[in-house]
Amino acid sequence: MEAMIPGRATTDGTARYVTRFASRLPADHFRAFHGGLRVSSLGIGTYLGREDDATDQAYEKAVTRALERGINVVDSAVNYRHQRSERAIGRALAAGIARGAFARDEILLATKGGFIPFDGGVPPDPRAYFSDTYVRTGIVQPGDVAGGAHCMTPRYLDDQIERSRANLGVETIDVYYVHNPESELGELDREAFMTRMREAFTALEHAAADGRIAVYGTATWNGYRQDPSETDYLSLVELTTLARQIAGDGHHFRVIQLPYNLAMPEAFTRGNQRLGDAMVSALDAAGRLGLYVMASAPIYQGKLAQNLPPVIADFLPGLATDAQRALQFVRSTPGVGTALVGMKSVGHVEENAGVAAAPPVPWEQFQRLFTAA
């Protein structure tokens with residue numbers, strides 16, 4: 001194995017990064033993350049795109065440019081583009097660090113494990129690949145996989161962390177998510193599911209103790225937006241309590257990811273998380289429980305990049321495109337830490353960096369927008 005980049009995001013490193021952009025970006029572009037880190041209000045995502053060399057190279061350039069333009073949150077998953085996105089990020093990091101464009105301790109690097117990935121592309125015989133890679137090696141046992149595609153046992157997560165570390169070329173992953181754990185609730189009852197979550201969190205606490213990850217979380221699609229009566233609902237209090245039972249107040253469950261945008265506002269508008277006697281929104285609950293929020297799909301995979309109602313532009317002035325306005329809406333929402341947006345071209349990075357240069361919308365103006373919308 002090639003030598004991996006040592007270190008992780010640090011308080012000093014991210015403060016240095018903020019200082020470098022002090023004359024170009026407003027101070028509130030950078031947010032307070034767990035442990036005193038400072039991270040950008042926009043992050044680069046790497047989900048979409050073909051599994052080919054051209055897309056790999058586009059992502060390498062986009063990640064490099066994002067880090068040069070004041071965006072120090074990079075998000076991926078081992079299954080994105082069959083591990084190719086992680087590898088593209090790894091090459092961008094290695095090249096940029098080698099030439100002194102940025103430092104490892106300035107960057108918050110996040111990835112996910114849960115969905116079973118192929119290696120670079122779809123193999124001729126997917127069943128044989130799965131058997132050879134995971135079953136015969138003992139990584140996955142009968143009954144471990146839900147829905148034919150998801151696994152979060154300790155053995156499996158350990159394997160996936162190692163694959164991601166190798167792909168990214170780093171000793172430590174700053175944020176490691178269990179990817180869409182709620183997908184297993186289609187097959188498991190809630191008691192069995194929580195047993196699996198306890199085992200997964202225990203494994204991730206061990207990975208944090210070993211220095212392979214810094215903190216962990218859950219990256220979800222439906223879980224935190226649903227009504228409590230829905231099968232795939234997730235309770236933030238239950239999961240935070242689970243982490244405390246495993247590791248006490250020093251637990252490493254510190255961040256969640258969930259979709260939030262103009263068309264999917266439930267994280268802000270739906271009171272579905274019980275805190276004491278009150279039902280509050282996922283964003284409110286996360287803040288009270290000490291969880292940083294990464295908002296995915298801020299432009300809804302391009303669906304909100306054009307043809308927004310004119311009222312949106314009225315309340316989000318100073319921006320040139322609907323994509324920028326959709327991003328500004330998300331990063332201005334109270335409780336949202338970072339808006340993660342897919343950027344697989346330098347042009348996308350430059351457009352989104354224009355949002356970073358604008359202050360978030362003040363609450364007084366934001367709430368009028370929400371009422372009008």
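In this predicted model, Phe268 is partly exposed, with a relative accessible area of 22%. That value sits above the 20% limit under which a residue counts as buried, so Phe268 falls in the intermediate class. Trp363 is likewise placed in the partly exposed class, at 39% relative accessibility. The rings of Phe268 and Trp363 form an edge-to-face aromatic pair, with 6.4 Å from centre to centre and 70° between the planes. This pair joins distant parts of the chain, since Phe268 belongs to helix 8 (residues 266–269) and Trp363 to helix 13 (residues 363–372), 95 residues apart.

Pro334 belongs to the same neighbourhood, as its contacts show. Once neighbours within four places in sequence are set aside, Pro334 is in contact with Phe268, Leu283, Trp363 and Phe366. Both members of the aromatic pair just described, Phe268 and Trp363, are thus on the contact list of Pro334. Pro334 itself is found in the loop between helix 11 (322–332) and strand 12 (338–342), and at 36% relative accessibility it counts as partly exposed. Ala94 provides a reference point elsewhere in the chain: Pro334 and Ala94 are separated by 240 residues in sequence and by 35 Å in space, C-alpha to C-alpha.

Aromatic contacts recur in other parts of the model, and the structure holds 16 aromatic pairs. In one of them, the ring centres of Tyr17 and Phe30 are 6.0 Å apart and the planes meet at 85°, so this pair is edge-to-face. Because Tyr17 lies in helix 1 (residues 11–20) and Phe30 in strand 1 (residues 30–32), the pair ties together parts that are 13 residues apart in sequence. Both residues are covered by the protein: Tyr17 counts as buried at 0% relative accessibility, and Phe30 is buried with a relative accessible area of 3%. Ring pairs also link Phe118, Tyr129, Phe130, Tyr134 and Tyr156 into a cluster. A charged side chain meets an aromatic face at Tyr300, where Lys303 lies over the ring at 4.7 Å from its centre.

Turning to the interior, how many residues does the largest nonpolar core have? It has 79, and those with the most contacts inside it are Leu93, Ile213, Tyr224 and Phe253. Helix 6 (residues 190–209) gives the most to this core, contributing eight residues. For Ile213, the partners beyond four places in sequence are Ile161, Thr172, Ile173, Tyr176, Leu204, Ala207 and Ala208. Apart from the largest core lies another, of 15 residues, with Val73, Leu108, Val175 and Val255 among them. In soluble globular proteins, nonpolar side chains tend to be buried together.

Two residues stand out for their backbone angles. Most residues other than glycine have a negative phi. His82, although not a glycine, has a positive phi of about 55°. His82 is placed in the loop between strand 4 (73–75) and helix 3 (84–98), and at 16% relative accessibility it counts as buried. Leaving out residues up to four places away in sequence, His82 touches Glu51, Phe118, Asp119, Gly120, Gly121 and Val122. Phe118, one of these partners, is also a member of the aromatic cluster with Tyr129, Phe130, Tyr134 and Tyr156. Ala297 also has a positive phi of about 55° without being a glycine. The loop that holds Ala297 runs between strand 11 (292–296) and helix 10 (310–315), and Ala297 is buried, with a relative accessible area of 13%.

At the level of the whole chain, the model contains 13 helices and twelve strands. The radius of gyration is 20 Å, close to the 21 Å that the globule rule gives for 373 residues, so the chain is as compact as a globular protein of that length. Along its principal axes, the C-alpha trace spans about 60 × 55 × 40 Å. Buried residues make up 55% of the 373 residues. Among contacts with a separation of 6 or more, 77% are between residues 24 or more positions apart. The chain exposes about 14900 Å², of which carbon and sulfur atoms supply 51%.

Methods
Residues numbered from 1 in each chain as written. Predicted model: local features only at pLDDT ≥ 70, side-chain atom pairs only at ≥ 80, totals over all residues. Heavy atoms only, no water. Phe/Tyr/Trp six-rings, centres within 6.5 Å; stacked < 30°, edge-to-face > 60°. Helix = DSSP H or I, 4+ residues; strand = E, 2+ residues; numbered from the N terminus. Buried < 20%, exposed > 50% of the residue type's maximum accessible area, 1.4 Å probe, protein only. Lys NZ or Arg CZ within 6 Å of the ring centre and 35° of its normal. Contact = heavy atoms within 4.5 Å. Core = buried A, V, L, I, M, F, W, Y, C linked by side-chain atoms within 4.5 Å. Rg over C-alpha atoms; globule rule 2.2 N^0.38 Å. Areas by Shrake-Rupley, 256 points an atom, 1.4 Å probe, with all protein chains shown as cover.
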